[in-house]
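Subject: Handover of a structure, with notes

Dear colleague,

I am passing a structure on to you, and my notes on it follow directly below. Please read them with the structure open beside you.

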Amino acid sequence: IASAQEVPASFPRKYLIEHFTGDQCGYCPYGMYSIMDYSAYYTTTPCVWVSHHYGYNNDEYTIPESAKIGSVSGVNGAPNMSMNRTKVMGTTIAFHPGYLTDEGMPETIASKCDTMAEASVVIDHTYDAATRELTVTVSGQVANTAVTEYLLTVLIKENGLIGKQKEGQNVSFGGGWIEFVHPRVVRDLLCSDALGDKVTVENQAYSKTYTYKLPENFMAENCVIVAYITESTKKPVINAEEKPVVAEGTFGRLDINAE
């Protein structure tokens with residue numbers, strides 16, 4: 001942990017996109033495509049994107065913690081999303097991802113979500129493929145000397161999970177179910193609470209270590225560690241980071257509909 005004298009005035013930020021979707025949700029592919037377009041073409045700020053299977057019917061990728069996160073953001077259906085848990089438009093934090101590529105929306109997000117942050121997030125980890133044991137340490141420096149505690153959320157997301165969906169983006173195309181690829185699905189949380197564990201700031205720095213055994217049905221080369229911090233459950237996400245579990249991993253099929 002660096003000394004206080006070495007702490008810069010601010011840190012480069014990564015936006016956290018919390019996406020709410022579901023298997024067999026007719027409108028959800030359109031929401032995913034909108035987020036993909038925004039991330040690729042409409043922002044110069046890197047985005048850490050996680051998808052919660054919440055807001056539509058529960059499916060095999062739904063976990064209980066997603067409901068608590070969705071409730072904080074005011075999610076009442078799918079597709080839905082939040083950007084850094086910041087109120088970008090409307091009366092709730094959550095909004096339909098279809099608005100992302102509307103004229104003026106990227107500029108609105110840029111005005112609401114600063115590109116610099118008051119704290120950094122760094123992920124260091126080891127993974128033993130034989131035992132599937134994962135050790136994760138999340139640390140960072142803090143520029144805001146008034147803050148003595150943060151909430152830290154650490155989770156595992158997995159790419160390339162297969163579900164069922166109608167053919168196409170719209171709900172009116174007809175036809176039967178086809179194979180559908182769900183990227184960036186939140187699979188489990190390493191922290192004890194969905195809204196984060198308390199971490200104490202000392203000498204303008206924080207650090208917390210987790211140990212976790214990757215379940216057998218998680219494909220390690222497609223899994224990614226995600227960490228982000230907030231000041232409280234009602235405050236925006238300050239900064240976020242992600243790191244693959246296996247450095248040479250393929251990340252699975254990241255496209256929405258393969259071939």
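Which residue does a disulfide join to C25? The partner is C28, with 2.2 Å from S to S, and a search of the whole structure finds one disulfide. Before going further, please keep in mind that this is a predicted model. The protein averages a pLDDT of 89, and 89% of the residues score at least 70. Over residues 169-174, however, the pLDDT is below 50, although this stretch has 11 contacts in the model beyond near neighbours in sequence.

To return to the cysteines, the torsion about the S-S bond of C25 and C28 is about 75°, so the disulfide is right-handed. C25 counts as buried because its relative accessibility is 2%, under the 20% cut-off, and C28 is likewise buried, with a relative accessible area of 1%. C47, by contrast, is in no disulfide, and the nearest cysteine sulfur to its own, that of C113, is 9.4 Å away. C113 is in no disulfide either, and with 0% relative accessibility C113 counts as buried.

C28 also belongs to helix α1, which covers residues 28-42. At 1.5 Å a residue, the 15 residues of α1 should span 21 Å, and this agrees with the 20 Å between the C-alpha atoms at its ends. The buried residues of α1 are C28, P29, G31, M32, S34, I35 and Y38. As background for reading that list, an α-helix has 3.6 residues a turn, so residues three or four places apart point the same way.

The strand I would look at next is β14, residues 223-230, in which eight of the eight residues are buried. Both of its faces are covered, with C223, I225, A227 and I229 buried on one side and V224, V226, Y228 and T230 buried on the other. β14 is joined by eight bridges to strand β8 (residues 149-158), the two running antiparallel, and in this pairing T230 of β14 is the bridge partner of L151. β14 is also joined to strand β15 (residues 237-244), again antiparallel, by seven bridges, with I229 standing opposite N239 of β15. Between β14 and β15 lie six residues, and the two strands form a hairpin.

Is T148, which lies in the loop between β7 (133-141) and β8, buried or exposed? T148 is exposed, because its relative accessible area is 54%, over the 50% cut-off. T148 and E231 are 83 residues apart in sequence, yet their C-alpha atoms are 9.3 Å apart in space. Leaving aside neighbours within four places in sequence, T148 is in contact with V199, T200 and V201.

Finally, the interior: the largest nonpolar core has 49 residues, and those with the most contacts inside it are V138, Y150, V154 and I156. The largest share of this core, seven residues, comes from β14. V154, leaving aside its neighbours within four places in sequence, is in contact with V136, V138, L189, L190, C191, Y210, I225, V226 and A227, and of these I225, V226 and A227 are among the buried residues of β14. A second core, separate from that one, has 14 residues, including I17, W49, V88 and M105.

With best wishes

Note on methods: Residues are numbered from 1 along each chain as its sequence is written. This is a predicted model: local features need pLDDT of at least 70, side-chain atom pairs count only at pLDDT 80 or more; totals for chains, interfaces and linings use all residues. Side-chain values use heavy atoms; hydrogens and water are left out. pLDDT is the predictor's confidence in each residue, from 0 to 100. Contact means heavy atoms within 4.5 Å. A disulfide is a pair of cysteine sulfur atoms within 2.5 Å. Buried means under 20% relative accessible area, exposed over 50%, partly exposed in between (1.4 Å probe, protein chains only). Helices (H or I, at least four residues) and strands (E, at least two) are DSSP runs, numbered from the N terminus. Two strands pair if DSSP finds at least two bridges between them. The expected span of a helix is 1.5 Å times one less than its number of residues. A nonpolar core is a set of buried Ala, Val, Leu, Ile, Met, Phe, Trp, Tyr and Cys residues joined through side-chain atoms within 4.5 Å.
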